[in-house]
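Trainee: Could you take me through one part of this model slowly? I would like to see how the helices in it pack together.

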Amino acid sequence: MAWLHTWTGLLVGWLLLLIFMAGTASYYREEISRWMRPELPRNTVSNEVAAERAIAFLQHKAPQAESWNVTLPDPRNPAMRMFWRNPESMVKPPAEGEKRRRRGGGRFGDATVDPGTGEEVAARETRGGDFFYRLHFDLHYIPVYWARYLVGFCAMFMLVAIITGVITHKKIFKDFFTFRKDKGLRSWLDFHNVSAVMALPYHAMITYTGIVTLMFMYLPWGVNVAYPKDEDAFFSEAFARLADIDTPSEGRAAAVPIQQLLDAARAEWKGAQVGGFTLYHPGAANAVIDIQQRDGKRLSVDTPSLRFNAVTGALMEASPRSGGATQTRGVMYGLHLARFADWGLRALFFVSGLIGCVMVASGVVLWAVKERPKHAKSGKIGFGLRLVDALNIGAVAGLPIAFAAYFWGNRLLPVQMAERSDAEVNVFFYAWGAALLAAFLWPKRLMWAWQLYLGAAMFLLIPVINALTTHAHLGVTLRTGDWVLAGFDLMMLAFGAVLAYCALRMQRWQPALSAAEKKKRQVAAAAAAKAQESAPVEANA
Amino acid sequence: MDSTPDASWFSRFGSFFARPWLGVLSRSLAAIFGGYALAATCAMFFAVALPIARGQAVLTGMLVAIVLCACAALWAFATRTALRAWVGILIPTALFWVGTELLRAGA
């Protein structure tokens, strides 16, 4: 079992580290997005006003659309996201040489609107925290399907590694309280154990629920058997969805004020908040509106919704109670996304995620530390160890550089640049590629120290660059009590400090001596001392 | 009749299959492909066999199959021989498959 644990861990370790780091960052997806759009004002308007402005914006921007979808602002996200579906007749074929992929064949339009003004936000173009969220399971540059299968494969390996890791540990309780400092291999092993055991329930939960989030893709067989040739029936049956929407009628009618509909929904839910709404056939006489509850207080990711007649304001349908398995899946999914977490619980999730990163990183390093004496004996570093060394440096020390570079890119690329959000993502991968290349050219201990120092410097400089390029820096945010933005900058300083400490340790590290070597040195030192003692005598003579 | 060449061929053949890395490869394939086959057939069987609403049965099957897939990988490496690894995974897979087909034919 120890053997299986070692190899399953090593094989997928580097990709797992990327997945873990991106996933951990995704807990603060909204906060990262806010930091990366410093132009965005802090939201101060009520949901009703925001919804009214959203409707006004869409009436002007997309009057022909078949449906409008609006996500209302919440304390974590001050901007309103919205998209709309254009009728088929309005879709233009993609222009010649158009570089950007158009999602949904160009049928969807989208906008981010400032609820304070009702205008499209005048913020820099960025993918913000959404990049990390997508990177976590879609990776980048490769087709989404391949990426998800690859990530699922890694997750399955991880699940096996967790179970075998527990089995390997006969003394799991005793090991938990063991840390042998400055003992080379032993210290790495203890470190790996502590980081794994401390957050073991979290690791097991996050790996299993991670597979659950994509299980319809990984295991479509049950659906195929129970619903031959009718996959949609499964989704509408299993997820207790609202009925399909009728086609739009010819007649036109004005909708009731959105405020009235939101009030009706809140009354129906006994005070629960509204997260967003979808309005079908805006302007038509048979317009309907689905109002979704805000997720945030429930474990499950499936949020209830209500359907109203948008012209009369009458309640038409409430989403039925879903079955046990659906609720189980919803809770699993919800646990993985942790949208329900308030700031304390979110911080705990984040720390557990970081511990997961440390566990994976120390695991792959442990392999190399264990392997090195065998190579040292033969006097030459073999290809396998060199490869692992290079990948370890490039992943463990290189990925922090890439993350920091992404934030640098956000502040330093010209604000009006074309395809700016793609350029930011490229900065991430250029930085990572450079770190990997350097690691492959010279996979030595000092390379560890250099890359860690570089990462530390880049993180420590983020608040400085922020202060030089924006008006949302620590000097302002601390004073006004904007803890999201201030917290981001302070977190960057903390990461920089930790990386600098790691770099210092790596630079000063001396290889542990074997007992024979120690004895040899002691004898040599004693002989030297003796020679020194006798030297003055000779001089006197 | 001298049987030496035959015997040596046979023993070489035998020793080739006794190589540890082949056992590891075989177990790995059993864990990855056998494990997935087991999960897939388990999901199918639960979808048609559980006496609950169809959609709920499908979901239950998926949730259980994920755990079963991990257990199959464990079994593949925990058991004594590579042959046992395959047998221990393929027999339940076959049972799930047959059960699914029978229930579908009966439905």
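Mentor: Happy to; we will look at helix packing in chain A, beginning with helix 15 and its partner helix 1.

Please keep in mind that this is a predicted model. For orientation, chain A has 20 helices and eight strands, and its C-alpha atoms fill a box of roughly 120 × 55 × 50 Å along the principal axes. Of its 541 residues, 39% are buried.

Now find helix 15 of chain A, residues 383-412, and helix 1 of chain A, residues 2-26. Two packed helices are described by the angle between their axes and the distance between the axes. Here the angle is about 20° and the axes lie 10 Å apart. Because angles under 35 degrees count as roughly parallel, helix 1 of chain A is roughly parallel to helix 15 of chain A. The crossing of helix 1 of chain A and helix 15 of chain A is right-handed.

Next, try displaying the side chains at the contact. From helix 1 of chain A come Trp14(A), Leu17(A), Leu18(A) and Met21(A). They meet Leu391(A), Ala395(A), Val396(A), Leu399(A) and Phe403(A) of helix 15 of chain A. This contact is made of nine nonpolar residues, with no polar and no charged ones. The spacing has a familiar logic: an α-helix has 3.6 residues a turn, so residues three or four places apart point the same way.

Helix 15 of chain A has a bend to look for as well: a kink of about 45° lies at Gly398(A), shortly before the proline Pro400(A). Since 23 of its 30 residues are buried, helix 15 of chain A is largely enclosed by the rest of the structure.

For a second pair, turn to helix 5 of chain A and helix 8 of chain A, whose axes come within 9 Å and cross at roughly 150°. That angle makes helix 5 of chain A roughly antiparallel to helix 8 of chain A, and their crossing is left-handed. Among the residues in contact are Gly152(A), Ala155(A) and Leu159(A) of helix 5 of chain A and His203(A), Thr207(A) and Ile211(A) of helix 8 of chain A. The contact of these two helices divides into eight nonpolar, four polar and no charged residues.

Finally, look across to chain B: 26 residues of chain A are in contact with 28 residues of chain B. Helix 5 (144-168) and helix 8 (200-213) of chain A are among the elements that give two or more residues to that side of chain A. The chain A side comprises 18 nonpolar, six polar and two charged residues.

Conventions
Residues are numbered from 1 along each chain as its sequence is written. Chains are lettered from A and ligands numbered from 1 in the order in which they are written. This is a predicted model: local features need pLDDT of at least 70, side-chain atom pairs count only at pLDDT 80 or more; totals for chains, interfaces and linings use all residues. Two residues are in contact if their C-beta atoms, placed from the backbone, lie within 7 Å. Helices (H or I, at least four residues) and strands (E, at least two) are DSSP runs, numbered from the N terminus. Ala, Val, Leu, Ile, Met, Phe, Trp, Tyr, Cys and Pro count as nonpolar, Asp, Glu, Lys and Arg as charged, and the others, Gly among them, as polar. Axes are lines fitted to C-alpha atoms, for helices over the stretch in contact, and angles run from 0 to 180 degrees between N-to-C directions. Angles under 35 degrees count as roughly parallel, over 145 as roughly antiparallel, 65 to 115 as roughly perpendicular and the rest as oblique. A crossing is left-handed if the near helix is turned anticlockwise from the far one by less than a right angle, and right-handed if clockwise. The bend at a residue is the angle between axes fitted to the seven residues ending there and the seven starting there. A residue is buried if 20 or more other C-beta atoms lie within 10 Å of its own, exposed if 12 or fewer, and partly exposed in between; C-beta atoms are placed from the backbone.
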